[in-house]
Amino acid sequence: NEFEITGPSVTAIRAGNKVTYTISALAGPTPSPYSLGVAAGFSILDGGTFTVSNPGLVVPTGDATATSNVNAGNSVFTTGSFIVGPTAGQTAAVLALYNQLKALAATNAVDLSTGNLDATNIGYGLGVFVPGVYKSTAAVTTSGASTITLSGAGDYIFNIADAMTTGAVQNIILTNGAVASRVFFVVGTVTGGSSLTLGATGNLVGNFILGNGAGTITVGSTVS
């Protein structure tokens, strides 16, 4: 007698009194085609001047960098550090990724600047996004106290025209396989202006990449 049992990772074949099992490794997640390369240790990358108003700011999974910092004395991170002036290699890596992400075509026709980001509905509920490329034609904001949910494994690219401002209490939640390293907020342009302002409290996730502009984090914001 001979029979075969097949599953997603195990195959068992019996011949007489002998059973042979073949166990295959489960396929891991597809790696992201977008990488910061030698600048991968940073959560916030600013091509201009960056201001941190709270000495207790936490940056759990990365450092912050900019060409200059007007509040260097207050930039004492509980975790992570502020580095004024990245290396030439780090700058080149960030610029390469910036250009790569900016060139991507939107996968959803919704303009993120038509309303608060947390009130945007792409078909999964208010403020719920699935992996894809999203764009705005103007500045992007969020409500005073709000939540954005990123649902599913894959890359999330938010190409924002010139400025991004989050509300006083802003949270970004990762669900169903979404991870912070594959979330990118690309704000402004290299040749024009850009601005990123993160609110007083909240938990934000992802990589925040500014063009040539100013970034500000106020009291209590957490970036991971």
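**Exercise 1.** In which loop does Asn176 lie? Place the residue, then describe its backbone and exposure.

*Solution.*
- Asn176 sits in the loop between S13 and S14. Strands are DSSP runs of E with at least two residues, helices are runs of H or I with at least four residues, and both are numbered from the N terminus.
- Next, the backbone. Phi of Asn176 is near 55°, a positive value in a residue other than glycine.
- Then the surface. Asn176 is exposed, at a relative accessible area of 61%. Exposed means over 50%, buried under 20%, and partly exposed in between, with a 1.4 Å probe and protein chains only.

The model is predicted: local features need pLDDT of at least 70, side-chain atom pairs count only at pLDDT 80 or more, and totals for chains, interfaces and linings use all residues. Residues are numbered from 1 along each chain as its sequence is written, and side-chain values use heavy atoms, leaving out hydrogens and water.

**Exercise 2.** Find the salt bridge and locate its partners.

*Solution.*
- Apply the rule: a side-chain nitrogen of Lys or Arg within 4 Å of a carboxyl oxygen of Asp or Glu. The count is one salt bridge.
- Arg182 and Asp155 form a salt bridge, 2.9 Å from N to O.
- The pair links distant parts of the chain, 27 residues apart. Arg182 is in the loop between strand S13 (169-175) and strand S14 (183-187). Asp155 is in the loop between strand S10 (145-151) and strand S11 (156-160).
- Both partners, Arg182 and Asp155, are buried.

**Exercise 3.** Summarise the chain.

*Solution.*
- Count the elements: one helix and 19 strands.
- Of the 224 residues, 41% are buried.
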